[in-house]
Structure formats: structure tokens, C-alpha cells
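Reader: I am new to this structure and would like to be guided through it by question and answer. May we begin once it is displayed?

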Amino acid sequence: MSILKTFKPGGVNPAENKLSANRPIEILNPPGQAFIPINQNLGAPAIPLVQKGDEVKVGQLIARGEAFISSNVHSSVSGKVLKIDNVVDPSGYKRPTIVINVEGDEWVPGIDRSSEIKKLVTLSQKEIIEKIKEMGIVGLGGAAFPSHVKLMVPDGKKAEFLLINGVECEPFLTSDHRLMLEKGEEILIGTSILMKGLGVDKAIIGIENNKPDAIDHLSGLAENYDGIKVQPLKVKYPQGGEKQLIKAIINREVPSGKLPIEVEAVVHNVGTAYAVYEAIQKNKPLIERVVTVTGRYLSKPSNFLARIGTPISDLFEKASGLPENTGKIIGGGPMMGKALISTETPVVKGTSGILLFSEEEASRVPVKNCIRCGRCIKVCPMGLEPVLLAQLSEREMYTQAELENVMDCIECGSCHYTCPSGRPLLDYIRLGKSKVGQIIRNRGKK
Amino acid sequence: MNMLIVSGSPHIHGDTSVKKIMYGVVYAMIPAMLVSVYFFGLGALRVLAISILACLLFEWVIQKYLIKGPLTINDGSALVTGVLLAFNVPSNLPIWILIIGAFVSIGIGKMSFGGLGKNPFNPALVGRVFLLISFPVQMTSWPVPKLLFGCQALTDAITGPTPLGILKGGLKMGKTVQELMTEMPSYVQELLGNQGGSLGEVSAIALIIGAIYMFVRKIITWEVPVAYFGSVVVFTGILWLIDPMLYVNPAFHLVTGGLMLGVFYMATDMVSTPLSSKGMLIFGLGCGILTVVIRVWGAYPEGVSFAILIMNAFAPLINMGFKPKRFGEKVIEA
């Protein structure tokens, strides 16, 4: 095994709690009713193509991403459209959602549902990008950025490396880990498709050292793929952050305010690589994903392959029921995930996990005076001063906050996690970011 | 089911807390406390007890009746100040002076600024320097340590100067460093703590043991100690090489006076020191230089307290001037 790499500065090591790491991916049946939001990606919402009463099949395009940064949405179930209504999605807001009453499980023709592995890639670079767009693929690590956009290298820039993110640095989550163990070959084919789409001949898959089985498995398989290698990484949160992963693997720093392409790198998640394989080789749109359902009080923490639009309550039921003492439901991991406001929230493309906390686990530690220990500064992976940014935001000194690079914050939460006084640093910084973002946008208008 | 709790991420918290940090410092000071009781007997025990109780009491009274805020005496910080103040005074200090010191430390040094975290200066040092200036005689009559544990008489203990005092006084009278060294305890004795001085400063070994504990627990970081010791060694080393008759060697500076105590337990105080790594290095450097300047050319034999307090005052400026390196900061190409 080669030397373990990692990023700097900063980072923390929260308890891993990968409770569901040994549980194979279980296929979840389609729900009775599917709630498919038209905006599951970062960027503009898709435009619905169906109306109340329309019959739809699995894999049918039901909303089209028209804007440059937008993504197609396909039906994950077959049945009849009940309504297009505002439903609470993982963002916590009510947003337009296509609600489908499920009848049977009828797929549109042409989707290869067999488990046969297809290695030969016949599409050209341009066709690959087009197909990825058509199939509604977005980043499955959580941010849900439309994947085809990342493959379109802007004029005057070039890409050298494709980095595949198999880090899964969030505690509790195991969906990427299971996928790497169970769908390794597919991920590597997906990776070579992404390489072709991006026009690079080097790809590196970064995996943290707490998943030695995945490192071994993919390293072995990668020997048969030109240009793909696996890089084991030292366990450190937030290594799965795009900028941190690039720093860790190829030791380049994405400049402040810029995209990874500035350092000739593009990052995709292992889940995305798998989805790309299915889209290109199997003609299958992004209609399902692996979701970890976990929590200390859940008797059966699990990894499910769930249809997009499945209410999360279906997932709890399959995982032996929602524990009595549940106080908080988190969409995603405990460091960056969002607290959900309803047990009926649907699974969306960006849902990597559902984490259940008891009321006790959900309560925050009491807030004390800042003792100026500087731990938040030491752990900040962006080299910022969270204590200062939080103070500036609290006092509404936004101009100053902008000068102190508040917009560079990746909201990893390491500062709040590590603060001995339990200060909600990230809450304040988030507020500051949104205000500064507004100021910057207004400035652009003038 | 009850209502779901909704709050921003992160949803988990690390296992550090103010209390754990403060008690960690207290545990780290236990070896030095034991050594002080060994060498100075009941006097040391009395000073420790009074100082701790007085600090806790003043914090409680001020918090309850003046600030009217939640009780803070169990967060451990007043306890740390109590022990540190005791460490900074001679074991035969009259009780009433010690109580004044505790009042100045907690009342003026800490609570008047708003309590823990708000104080610009190290509270124990504020108290110590106040006492040193107000009661110079009582604060500089050092009981001579006893080699064996015994009940030392509290009133008529034999007093004598500290090694740094011997040095300063002797040099003034025109003696050379070599002549003065014969009047002092050996380095080994000084390392163990068998020298005149305040409670907590005498045993370098005990202080180092505690410091290692704090490093392991990540209560203190390397920057301030390295910069502080480094600058003292380099500065005194240069002077010593220039004229060993006039200037004592760096090793002597390291094991005598309050340097170990100051470096590990007071210059590393989080509240009153800079935040970033670079800032801490600058802070340590400034402390080292000021300490040597005061020890060699100043009116007092010892300069650690003054050096740290002066640098505390610069901490906000240092914070402004020495920022951590931003990730992806644009490199200006020459």
C-alpha cells in the first residue's frame, strides 16, 4: 500500500460510527406514492412535462432541465400522476413536486435491468456528455451539481486529472462504501467513461483508510484499467470536500472563489461514477440511489437501494421502525446534513443517508463564553478564522466579513464541532455568508 | 412522536469543553503542587488553600451580586487562577496580602472585563504583579526550602534570595558570574526544585511533567513554548558568548526563576494570547526577548510576569497582523 495522503490545513476526527458498513445493499420496493421534486439539483429547477392524470412509466422523462445548470428528472415509478403540488423536500421548504400514485412496476423499453457488466464504451466524448445530461445525472455525494456541466471544460482551461471521491468522510454514512464493495467493476467502467467525457487519461480514486476492503477491492480491479489508480487516504474530516480531496491527492490548492478546473482537476463521487455507468452502458436514468439509514437506536441500520421520491418513512419501516425516542432526523451525515422537518420527506438524488438521533443526541451542548483557544482556527480546512467570522456576522459587519474571506467557508462544521464552549460558529457564519452573498449579487447588478 | 428538533449542522459535537480544559490544567499542576508542599511544607499548603478559596469566593460573589449571571465557579477557571496565583508568591506570604492578590486577580483581572474569555491579561499575573509592586518586601522574602518533609514554622522561617536574586545583586556589587555560581544550588538541585523562589516555580522537573500531560491532552500547543524558550536560549546565548563573566549561560536561565512556570502555564493561557500559529510564535518570541531584557538590564531580577503581561497587551494587534494562511490564497508571483 502506498503512503497515506491527506489534506492540510485543519480537519477533525469525529467518531466514525459506521454502523451499517457490513450490511449489503438491499433493494427497496417502490413506494405506494412517490414524491418527485422537480428541483433535485444545484441550480435551476426542471420544467414539468406531465400533468395530473398522465400515465407514467419507470424511467420516463417527467421534467426537463432547460437552464445551463439544471438537470432532467425521470419518473422512478410507474402509475398515474396525482398532482403537481408543493411538498416539503429535504431543504425544509415546500417546493413543486410531482406526486405519482404507483401502479405496478412498468419500465420504459430500452433500459437494461440485467446485472450483466458491459465494459465496451462505444459513445464519443460529446455523446457521453449529452447522454449524462439526458439521464439526469447529478453529483451523488450530496451537493447534487449537474454532472454533465462538470465535464464541459471552459474555453482556455484544460483538465489533467479526474478524481473520484470514495472518501465518505461523514460519520455514519456507508452508501459509497457498500457501492465500492458491491459495484466495483461498474464504478471503474463509470470512471473510464468520465475520463473519456472529460478528455483526461489519469484518474485517481481517493478512499480513506478506514475502508481497507474497498481500497483492496478497487485497487485489484483497477489493474485492468489504464490510467486509473486508487489512492488510500488518512482518515480526516472533511476530506470528501472537493477542495480538500484535490489538495490531499494531487497537492494543489483551488484558488479562493475558483472552481477545481483552475488546477486542472475535476472531482466526481463514486456514486456518480456508478450512475454514469448505468446511464451510458445500461441506458438507465437516475431513478434510484443507495441510501444509508442509520442511528444508534435503530435496531437494523441498513443500506437501501431506494427509488427517488420514496418517503423516508418507508425506509425506517424497512429498517425495523422509527425508534420511540427519535428527536431529530438528518438528511445526510451528522456534520453537514440537514435536519428534516417531516418523516414524509422524499428521498432525492442528493440523499446519501438518513440519520436518526435520539432527543438526547439531538440536543446541543450549552453555549459558553469564547475562551479564545483558537481551536476553530486550527481545524478550519480553509485557513479561515471562524471565531472572527462568527463575531463579524453577529455584529452585522458584513464588509469586514467579506474581506476576511467568509465566502470561502465550505460549511464543514469543524469549527462548531471542536469549540470547547459549544459556540454555534457555523450558524453565524452561514448567516454572514448569505448576507455577504446578497451584497455581492447586488454589486453585480449595478 | 414528539416534534422533531431542527437545527443547523453540525449535529454532533467533539468531546472538548471549557471544564475539561481547565481541569486538565489543574491536573497538570499537581506535580508542582506536591513539590511545593515537599519543599516549603505547611506554608505552601496554606498559600494554596487560601488562594484557591479566595479566588473561588470572589468569583462567586461578583458573579452572583454584581454581574448577576449564571454561576461560573465550577468551570475550573477560577481554580486555575487560584493555583497559579499561589504558584507565583512565596510560601510565607501573609494571608491578608494573598487575599488582596486573589481579589485583584479575579475582580480586576477577570470579572471586571466580563468573566472568562473576556480578560485581556492573565488574571493570576495581574494579581501577582499588583502584589509585587504594592508589597515588594513581603513578595521577595523567599523561604529557603527544606530538604526533608517537615512541619515548617510559619512565622520564623529562614529566608534567602533566589538564584536570580543572587545573580542580580552580586553582579551589581561587581562580582563575576563564576564567583556567584559558587553561592548557588547546583543545576540538579535547581531542576528538582531545591532553590529559593515562589511556590510553583522552583521545580522545573515537576513543571515539565505537567506540561507533557498538557501537550498530550492537546491543552497547550508547541508554538508559544518553542518560541519563548528558543528566544531566551538564543538571546542569553549570544550575551554569554560575548562575555561569560558578565552574563550567565542559557541553561541557568532555563532552570531558575519563573521561566518554566511562565512558559508552560501562563504564556500558553488561551484567553490572553494570540489565536493563530503564527501569532503564537510572535507572542512567544516577544515574551522571550522581554524576559531576558528585564532579567539582564531591568530593575527586577525576574522578568517573566512583566514580559507575559506586556505581550498580552499586544495580543489583539498580533491577531490582526498575523492571520492564518488562507486555503487557496493567491500567491503573488515575483
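Reader: Which elements of chain A are included in what covers the buried residues of H5(A)?
Author: In this predicted model, the buried residues of H5(A) are A:Ala214, A:Ile215, A:Leu218 and A:Ala222. The cover over these residues includes both helices and strands of chain A, namely S9, H3, helix H4 (184-198), S10 and S11.

Reader: Why do the buried residues of H5(A) lie on the same side of the helix?
Author: In an α-helix there are 3.6 residues a turn, so residues three or four places apart point the same way. The buried residues here are A:Ala214, A:Ile215, A:Leu218 and A:Ala222. They are on the same side of H5(A) because the arc they cover around the axis is only 100 degrees.

Reader: Which exposed residues are carried by the face of H5(A) turned away from its buried side?
Author: The buried side is formed by A:Ala214, A:Ile215, A:Leu218 and A:Ala222. The face turned away from that side carries two exposed residues, A:Pro212 and A:Gly220.

Reader: At about what angle does helix H5 of chain A run to S11(A)?
Author: Helix H5, residues 212-222 of chain A, lies across three strands: S9, strand S10 (202-208) and S11. With respect to S11(A), the helix runs at about 160 degrees.

Reader: In what order do the 4 strands of the open sheet in chain A stand?
Author: The pairing in this sheet is parallel, and the twist averages 25 degrees from one strand to the next. Strand S11 (228-233) and strand S12 (265-269) each have a single partner strand, so they stand at the edges, with one side of each left without a neighbour in the sheet. The order of the strands is S11-S10-S9-S12.

Reader: Which residue of S12(A) stands opposite A:Phe161?
Author: Strand S9, residues 161-166 of chain A, pairs with S12(A) in the parallel sense, over 5 bridges. Opposite A:Phe161 in S12(A) stands A:Ala265.

Reader: Is A:Glu168 buried or exposed?
Author: A:Glu168 is located in the loop between S9 and helix H3 (175-182) of chain A. Its phi is near 45 degrees, a positive value in a residue other than glycine. Because A:Glu168 has 33 C-beta neighbours inside 10 Å, this residue counts as buried.

Reader: Is A:Asn251 buried or exposed?
Author: A:Asn251 is found in the loop between H6 and S12 of chain A. It has a positive phi of about 55 degrees although it is not a glycine. Because there are 11 C-beta neighbours inside 10 Å, A:Asn251 counts as exposed.

Reader: Where in chain A is A:Pro238?
Author: A cis peptide bond, with omega of about 0 degrees, joins A:Tyr237 to A:Pro238. As for its place in the chain, A:Pro238 belongs to the loop between S11 and helix H6 (242-250) of chain A.

Reader: Where in chain B is B:Pro10?
Author: The peptide bond from B:Ser9 to B:Pro10 is cis, and its omega is near 0 degrees. B:Pro10 itself is found in the segment before helix H1 (18-40) of chain B.

Reader: How many residues of strand S14 of chain A are buried?
Author: Strand S1 (residues 25-27) pairs with S14(A) in the parallel sense over 3 bridges, with A:Asn303 as the bridge partner of A:Ile25. Strand S13 (residues 288-294) runs antiparallel to S14(A) and is joined to it by 6 bridges, and there A:Arg307 is the bridge partner of A:Glu288. Strand S14, residues 302-307, is mostly covered: among its 6 residues, the number buried is 5.

Reader: Which element gives the largest share of the side of chain A that touches chain B?
Author: In the contact between the chains, 51 residues of chain A meet 32 residues of chain B. Elements giving two or more residues to the chain A side are strand S15 (326-331), strand S16 (338-339), helix H13 (414-418) and helix H14 (425-445). By class, that side has 27 nonpolar, 13 polar and 11 charged residues. The largest share, 5 residues, comes from S15(A).

Reader: Over which residues of chain B is the pLDDT below 50?
Author: Chain B averages a pLDDT of 88, and 93% of the residues score at least 70. Where pLDDT is low, the predicted coordinates should not be read in detail. The stretch with pLDDT below 50 has 12 contacts in the model beyond near neighbours in sequence, and it covers residues 148-156.

Methods. Residues numbered from 1 in each chain as written. Chains lettered and ligands numbered in written order. Predicted model: local features only at pLDDT ≥ 70, side-chain atom pairs only at ≥ 80, totals over all residues. Pairing = 2+ DSSP bridges. Axes fitted to C-alpha atoms, helices over the stretch in contact; angles between N-to-C directions. Contact = placed C-beta atoms within 7 Å. pLDDT = per-residue confidence, 0-100. Buried ≥ 20, exposed ≤ 12 C-beta atoms within 10 Å, placed from the backbone. Nonpolar A, V, L, I, M, F, W, Y, C, P; charged D, E, K, R; others polar. Arc of directions from axis to C-beta.
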